[in-house]
Each structure stands twice: as C-alpha cells, then as structure tokens.
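This report covers selected strands, side-chain pairings and surface features. The sequence and the structure come first.

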Amino acid sequence: MTTPFHFLDYSSDSTGIHVTSKSTAWFGAYGGLAFKRQYIDRVAWDVPTVSGTETVGNTLYVTYDPGRMAGPWVIDTDTIAEQPNYGWTAVDDVGSEKTITDVWLCGDGHTIAIKSDSPWVAGSEARYMQSPAVNMGTYEGGAGNIRDTQGDHLVYHRINKPLHNWLPLHTVTV
C-alpha cells in the first residue's frame, strides 16, 4: 500500500467518488516515492504495526513500530476534518460498542492512548478508520486524523502538496 485515499480531494460531480486530477497527481507522487524508497534506496516500505499494548484503568495504550512513518506523529484536523475520536471506534469482548471518551498521542511519538468509559478486557477491539467519515464532502469511507510529519519536509512541488504518511486502517485486539 502506498497510502490511504481518505485525505485526497474528491470531485463534486454527480457520482462524488472520483479524486480530482490534482489529487491523482498527488497519489502518483506517493507511488513514485514508494518505488524510489524500495528499489533505488533499498529501504523497506513497511506500514506501521502494533508492537505492544498496555491497559491502565480505562485507557488502552497502543505502541507501534512506525515502519515508514517518519518523525513524531500528529493529529491533523486541518487536512482532514476532525473525525469522531480522530478515527477510532471500539467494541468490547462480545462485540458491543464501547464509548471512547478521549484519544491522544503520547510523548514518545508512536504510542496512541485510547480512553473509554469502561475497562479494556481481553477480546476488546480498538478499530481505526472503520466507521464512515464525517464532514468529508463526497468522500465515502473511513477516515482518521493521525499522520507523521514527513510532509513538513517532503513536498510534491508540482502541486505543492506534502507527502505525509497516514496511519492506515487496522484493528487492535486487546
């Protein structure tokens, strides 16, 4: 996977499901970057993976091996309209919805804290980008607000767009 699609700009045509030509170029820049990193630089193009979880009271701490995501992570509500719980939903061990009360990034830059109204028990799941996006125009699908800061220094200059890495859709099982 080069990048999720949720941050791209979508057309306002009758279908509303097509990215704009500018966003097609932007997505192409991600493909070019992935190719360069893998085949020229010989650097793995790995997505982030969960390296550990810890529960403290009603808070689940999810630590990641960041893969290709560079630098500290941020919660971006400028590029992507703020999503409920920044894109996180949760279910308990029997599949009933859990209420998330807060989400934040911890100081190490690659740990996300997800607080709920009840303890996280074995079998509970935290799900990222798996509920319909809100306030995203014609885009239909999941969305989340967590990305790295690579695009602060790596920009596709043809259209002046940053090449951030966005945390992809995934599930964390306690």
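Tyrosine 39 lies in helix 1 (residues 21-40); helices here are DSSP runs of H or I with at least four residues, strands are runs of E with at least two, and both are numbered from the N terminus. Together with Phe35 and Ile40, Tyr39 makes up a nonpolar surface patch of about 360 Å² accessible area. Such a patch takes residues with over 30% relative accessible area and no salt bridge, and joins nonpolar side chains (Val, Leu, Ile, Met, Phe, Trp, Tyr) within 5 Å. Accessible areas follow the Shrake-Rupley method with a 1.4 Å probe.

The model is predicted: local features need pLDDT of at least 70 and side-chain atom pairs pLDDT 80 or more, whereas totals for chains, interfaces and linings use all residues. Residues are numbered from 1 along each chain as its sequence is written, and side-chain values use heavy atoms, without hydrogens or water.

**Salt bridges**

Side chains of opposite charge can pair when their charged atoms come close. With a salt bridge defined as a side-chain nitrogen of Lys or Arg within 4 Å of a carboxyl oxygen of Asp or Glu, the whole structure has four. Among them are the following.

| Basic residue | Acidic residue | Closest N to O |
|---|---|---|
| Lysine 36 | Aspartate 41 | 2.7 Å |
| Arginine 37 | Aspartate 41 | 4.0 Å |
| Arginine 147 | Aspartate 76 | 2.7 Å |

Arginine 147 belongs to strand 9 (residues 146-147) and aspartate 76 to the loop between strand 3 and strand 4, so their salt bridge ties together parts 71 residues apart in sequence. Both of these residues are buried, where buried means under 20% relative accessible area, exposed over 50%, and partly exposed in between (1.4 Å probe, protein chains only). Lys36, Arg37 and Asp41 are linked in a salt-bridge network. Aspartate 41 is partly exposed at 31% relative accessibility, lysine 36 is partly exposed at 38%, and arginine 37 is partly exposed at 23%.

**A loop residue**

Glutamine 83 sits in the loop between strand 3 (74-75) and strand 4 (88-91). Because its relative accessibility is 2%, glutamine 83 counts as buried. Beyond neighbours within four places in sequence, glutamine 83 contacts residues including Pro132, Val134, Met136 and Asn145, a contact being heavy atoms within 4.5 Å.

**The two sheets**

Two strands are taken to pair if DSSP finds at least two bridges between them. One open sheet has four antiparallel strands in the order 1-2-7-6. Strand 1 (49-56) and strand 6 (100-105) are at its edges with a single partner strand each, so one side of each has no neighbour in the sheet. The twist from one strand to the next averages 20°. Strand 1 is joined to strand 2 (residues 59-65) by seven bridges, and threonine 53 is opposite valine 62 of strand 2.

A further open sheet, also of four antiparallel strands, runs in the order 5-4-8-12. Strand 5 and strand 12 are its edge strands, each paired on one side only. Strand 4 and strand 5 (residues 97-98) share two bridges, with alanine 90 opposite lysine 98. Five residues separate these strands in their hairpin, where glycine 95 has a positive phi near 90°. Four bridges connect strand 4 with strand 8, and alanine 90 has alanine 126 of strand 8 as its bridge partner.

Strand 8 (residues 125-128) pairs with strand 12 over four bridges. Here alanine 126 is opposite valine 172, and glutamate 125 is opposite threonine 173. In a regular strand the side chains alternate between the two faces of the sheet. Strand 12 (residues 170-173) has His170 and Val172 on a covered face, and Thr171 and Thr173 on an uncovered one.

Key: Axes fitted to C-alpha atoms, helices over the stretch in contact; angles between N-to-C directions. Patch = residues over 30% accessible without salt bridge, like charges linked within 9 Å, V, L, I, M, F, W, Y side chains within 5 Å.
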